[in-house]
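Subject: A structure for you to look at

Hi there,

Here is the structure I promised to pass on to you. Please open it next to this message, and then read on for what I found in it.

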Amino acid sequence: MASELLATYSPEDVVIVITQGAVSHVVSGYVDGTFLTITRNVPYAELYQGSDVSNMRILRRNKAATVTVSLHNGSNSNDVFSQLQVVDEQTANSQGLFSMQIKDTSGRSIYHANQCFIGNYPDSTFSNGADSRDWTIVCTRLEQTIGGNALVDPSDLASIRGLGADVPSQWLSLIHI
């Protein structure tokens with residue numbers, strides 16, 4: 001039976017923190033709509049089929065990922081991303097790398113990478129309204145936990161624990177549905 005516990009998601013509670021050396025910046029000024037996309041560059045597993053229809057699974061431990069952050073043109077975080085790109089271009093020796101943490105504080109999803117860089121400047125458009133700046137951030141190794149946004153009922157908790165993980169106590173439901 002599916003859990004009947006109500007989940008709650010708040011886009012205002014998605015936090016991105018960029019850290020480079022002694023500088024730490026909380027990104028703000030997201031566009032309305034989809035403002036964050038996280039994509040693993042190489043699939044974790046792929047199916048290989050031989051000409052005789054024999055099957056094999058190819059596992060990849062490559063955790064490189066691309067993160068796209070969409071900001072409106074009025075966001076001061078555009079300045080921060082621009083400067084990160086400038087520093088990286090000028091030094092060209094890995095001193096321009098930064099770390100990034102993304103957390104949905106209304107849920108249990110969290111993403112972290114120690115070595116990131118701006119892939120390219122975003123396209124710039126100008127109109128009579130708010131325009132988007134889509135920043136592409138490349139992460140060499142993204143660690144991620146994709147979690148839900150609802151309290152966890154005893155049945156789901158048993159499944160999660162049976163698979164070797166746990167859920168912080170504030171997410172445990174005392175209600176039996």
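Of the 177 residues in the chain, 31% are buried. Please keep in mind as you read that this is a predicted model.

The accessible surface of the chain is about 11,100 Å², and carbon and sulfur atoms make up 52% of that surface. As for overall size, the C-alpha atoms fill a box of roughly 55 × 50 × 35 Å along the principal axes. The radius of gyration of the chain is 20 Å, while a compact globule of 177 residues would have one near 16 Å.

Next, the secondary structure. You will find 10 strands and two helices in the chain. If you trace the elements from the N terminus, the order is β-β-β-β-β-β-α-β-β-β-β-α. Among the contacts in the chain with a separation of 6 or more, 61% link residues that are 24 or more positions apart. The chain also has 10 positive and 17 negative charges, and the mean positions of these two groups are 12 Å apart.

Now for some single residues that you can click on.

Let's begin with serine 106, in the loop between strand S7 (98–104) and strand S8 (110–120). Is serine 106 buried or exposed? Its relative accessibility is 13%, so serine 106 counts as buried, the cut-off being under 20%. The side chain of serine 106 makes a polar contact of 2.6 Å with the side chain of aspartate 104. Beyond its neighbours within four places in sequence, serine 106 is in contact with Thr8, Tyr9, Ser10, Asp13, Asn149 and Trp171. Alanine 150 is 44 residues away from serine 106 along the chain, yet their C-alpha atoms are separated by 9.0 Å.

Strand S7 itself holds serine 99. This serine 99 counts as buried because its relative accessibility is 17%. Which residues does serine 99 touch, not counting those up to four places away in sequence? They are Val17, Ile18, Thr19, Ala113, Asn114 and Cys116.

Asparagine 78 is a good one to look at in helix H1. With a relative accessible area of 9%, asparagine 78 is buried. A polar atom of its side chain lies 3.1 Å from the backbone oxygen of serine 75. Setting aside neighbours within four places in sequence, asparagine 78 is in contact with Leu71, His72, Asn73, Arg133 and Trp135.

Finally, have a look at two backbone angles. Most residues other than glycine have a negative phi. Valine 53 is not a glycine, but its phi is positive, at about 65 degrees. You can find valine 53 in the loop between strand S4 (45–49) and strand S5 (55–59). Valine 53 has 58% relative accessibility, so it counts as exposed, which here means over 50%.

Alanine 92 is not a glycine either, and it has a positive phi of about 50 degrees. Where is alanine 92 placed? It is in the loop between helix H1 (77–91) and S7. Alanine 92 is exposed because its relative accessible area is 66%.

Enjoy exploring, and write back with any questions!

Best wishes

Note on methods
Residues numbered from 1 in each chain as written. Predicted model: local features only at pLDDT ≥ 70, side-chain atom pairs only at ≥ 80, totals over all residues. Heavy atoms only, no water. Helix = DSSP H or I, 4+ residues; strand = E, 2+ residues; numbered from the N terminus. Rg over C-alpha atoms; globule rule 2.2 N^0.38 Å. Buried < 20%, exposed > 50% of the residue type's maximum accessible area, 1.4 Å probe, protein only. Contact = heavy atoms within 4.5 Å. Areas by Shrake-Rupley, 256 points an atom, 1.4 Å probe, with all protein chains shown as cover. Lys, Arg positive; Asp, Glu negative; His and termini not counted. Charge placed at Lys NZ, Arg CZ, Asp CG, Glu CD. Polar contact = N/O pair within 3.5 Å; in protein donor to acceptor, adjacent residues only side chain to side chain.
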